[in-house]
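Here are my comments on the two-chain model, set out point by point. Please read them with the structure open.

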Protein chains: 2
Amino acid sequence: MLRSLCAAVALVAAASFTARADDLLVEKKTFAMPSYTTVAGATIPNVAIGWEAYGALAPDKSNVVLVNHFFSGTSHAAGKYAATDKAPGYWDAIIGPGKAIDTNKYYVISTDTLVNLNTGDPRVVTTGPASIDPTTGKPWGMRFPVVSIADFVRVEKALLDSLGVTKIRMVAGASMGALQTWEWAAAYPDMVDRILPVIGAADADAYLTGWLDVWADPIKIDPNWNGGDYYGKEPPLKGLAAALKIVSLHALQRGIVDEQNGKTWADPARDPAASFDAKFRVQAAFDAAGLARAKVSDANHFLYLVKANQLFAPGGAKSLEEAAAKIKAPALVVYQPEDLVFPAPAVEASIAAVKKAGTPVSTFRLDGKRGHLDGVVSIVQAADEIRAFLDR
Amino acid sequence: MLRSLCAAVALVAAASFTARADDLLVEKKTFAMPSYTTVAGATIPNVAIGWEAYGALAPDKSNVVLVNHFFSGTSHAAGKYAATDKAPGYWDAIIGPGKAIDTNKYYVISTDTLVNLNTGDPRVVTTGPASIDPTTGKPWGMRFPVVSIADFVRVEKALLDSLGVTKIRMVAGASMGALQTWEWAAAYPDMVDRILPVIGAADADAYLTGWLDVWADPIKIDPNWNGGDYYGKEPPLKGLAAALKIVSLHALQRGIVDEQNGKTWADPARDPAASFDAKFRVQAAFDAAGLARAKVSDANHFLYLVKANQLFAPGGAKSLEEAAAKIKAPALVVYQPEDLVFPAPAVEASIAAVKKAGTPVSTFRLDGKRGHLDGVVSIVQAADEIRAFLDR
């Protein structure tokens, strides 16, 4: 069951790859700012995010590729922190020496966002409600200022400024990483040469906004959430597990869930018809996956990520058309026709709007059984297109 | 906002139709059994369900059409209880004098299921966890026996037996009503002449089973649920509202949600970027719709409905192929290609299995913007096919 589970929640947990001799070894670093003022005008002291890089920065700093992670991801897009790591970063199939995003040519930077979900991962560096508010000496909780995708990008911009990088050859990212990618193009059109938004649209429409609320609701219903004040107490594990379970099911497609689970009972000795507690395997598998992830995640960070995605509007645009008009970087848009989180018509509306505004867009459709998740686990399908797009 | 809300949750709330002069007037009746023994072998004393009928029973009792309701529905499929009712039953567009299911010819019976959700609707008659357990004098709560779709059908069978009906010209139903329809055909092949399953497959696959758990989770996380013992106390309104919100969003499609809500703010004076409590209209609309429905629904009944659907296996079949082999009644299967609750490939797998077993199946695809919900609000599109199928 655990193998099927891993596959089912690979967007939430890390995808499983076999180790190879040529694994990149990666070092996690921290970028700190004494304070950061959000787009909405709130000032957050002591902001830090984690980042890592693959390849070498060219003397003229012209070879930067910036990679942004998905909702439940981290900066760990490629390589391994240690040769003994079980799995490399989530996009290792396209980032590395000789790969589509060739680290022999490019300097690939990947960051942790603000309010990153994985506060239980010792390698993640982020600032959010679980961080200490220096004015009280206690965790911020829900007193942490609201942040948006635009704030994630502004903090990344500060990191690039600190490195003296003034041009980015390509900004890329999957899902929420795609939103950051569109945001980069709209907010800093003179800095971004080209963009690779994968499984993500250039706006957060009402449908996405509604579903994100569905993801968040179980946390707010859990009494342990306590308005966000649970640090040092029992965290809202049940609510967070249920939330992460929705994400993992939403990120998949019907066929693969059936294929991996069928209607097998979770326990061969306990008929689901006999009692409320007896489950089918699919129920037990998603419950277990949600719970495992919840144990290393923070519930308030989940809520802040939801809000950041709901507020997404590239460059502060009031409409998709206005957003598209701000975007000047040619785009290669990769999506999956059966994606339920960013349905094809939503991505196609973004493509049409950007094209209409006069910016060239090429597209690649992933072919897979995993819906949204194919943007992470099946990205190698687009390797040739990505290489050609990046190198030209 | 309320108008958009009504449309958005029409499967959950009742769809809104304009009153017509020729409205059927309908009387709600009760069918009671001293006891009922479930398929799993538990005996429930004092079982009662509600039912209503449209048209007149032929002397030879050969003109019966049986209609089964969806997850959150009631027996009220057509007509009005009083001329002043704001809306008729949910399938009034196809049931009535001269309509596709012509009540001048047919005697249409529609029932409330066991564990019907709408315990706050004074016209609903059902038996479930909110009913009194005569051995304790208190509500059953989660001590009520597990029931399945097959039990819903066996209780309906007892009602038809009591009326002396031995043949059914057609069994029909939308969504969960389609499951009951398939169950009828598999369990009583000699009694059912033809079936009209709408927006529902002939099995509950792992994907559906997983999503049904997602629907149910918020209830179990709500501390007021209290293991199902909340009668006479504060009910788990928050959890139930969140559950009903998921159902209503899941039953729709992206386009219509965007069209009806856009990214308008819920309150023009409160920017969602400024605080966590400030919402977009789509958030407020679905929250309000879920809460309104929760106030007239029972949380334990919701959980029992989820379990009944998860256990669905027509005639106790171990596989879709085995189920299909039990089904002898020709079928007209109506579905919606963009349905997210019963995705087209799931319905098409049922169609293929039944055809392969040698039973004729014709199909009709609804064309609409409302996904699953089109099986209720757009059913009139299939009127001609239904009429021809029923009359031939």
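**Notes on the fold and the chain contact**

1. In this predicted model, α10(A) lies across β11 and β12 of chain A. The helix runs at about 170 degrees to β11(A); with angles over 145 degrees counted as roughly antiparallel, α10(A) is therefore roughly antiparallel to β11(A).

2. Helix α12 (residues 383–391) of chain A also deserves a look. It lies across β9 (170–174), β10, β11 and β12 of chain A, and its direction makes an angle of about 165 degrees with β11(A).

3. The strands named above belong to an open sheet of 8 strands in chain A, in the order β1-β2-β6-β3-β9-β10-β11-β12. Pairing in the sheet is mixed. Its edges are β1 (29–37) and β12 (361–365) of chain A, each of which pairs on one side only. From one strand to the next, the twist averages 20 degrees.

4. One strand pair can be checked in detail. Strand β10 (residues 195–198) and strand β11 (residues 331–335), both of chain A, pair in the parallel sense over 2 bridges. Within β11(A), A:A331 is the residue that stands opposite A:I195.

5. How are the two chains related? Chain A is superposed on chain B by a rotation of 180 degrees with 0.0 Å of shift along the axis, at an RMSD of 0.0 Å. The copies are thus related as by a two-fold rotation axis. A:P218 is the residue of chain A that comes closest to this axis, with its C-alpha at 2.6 Å. Both copies use the same surface, since 98% of the contact residues of chain A recur in chain B.

6. Chain A brings 45 residues to the contact and chain B brings 44 residues. On the side of chain A that touches chain B, the elements giving two or more residues are α4 (206–221), α5 (237–250), α6 (254–261), α7 (281–294), α8 (299–310) and α10 (344–356). The most come from α4(A), with 10 residues. By type, this side of chain A divides into 25 nonpolar, 10 polar and 10 charged residues.

7. A helix pair across the contact is worth inspecting. The axes of α6(A) and helix α4 (residues 206–221) of chain B come within 7 Å and cross at roughly 100 degrees, which makes α6(A) roughly perpendicular to α4(B). From α6(A), residues A:R254, A:V257, A:D258 and A:N261 meet B:A206, B:Y207 and B:G210 in α4(B). The residues of this helix contact divide into 3 nonpolar, 2 polar and 2 charged.

Notes:
Residues numbered from 1 in each chain as written. Chains lettered and ligands numbered in written order. Predicted model: local features only at pLDDT ≥ 70, side-chain atom pairs only at ≥ 80, totals over all residues. Contact = placed C-beta atoms within 7 Å. Helix = DSSP H or I, 4+ residues; strand = E, 2+ residues; numbered from the N terminus. Nonpolar A, V, L, I, M, F, W, Y, C, P; charged D, E, K, R; others polar. Least-squares fit on C-alpha atoms with pLDDT ≥ 70 in both. Pairing = 2+ DSSP bridges. Axes fitted to C-alpha atoms, helices over the stretch in contact; angles between N-to-C directions. Parallel < 35°, antiparallel > 145°, perpendicular 65-115°, else oblique.
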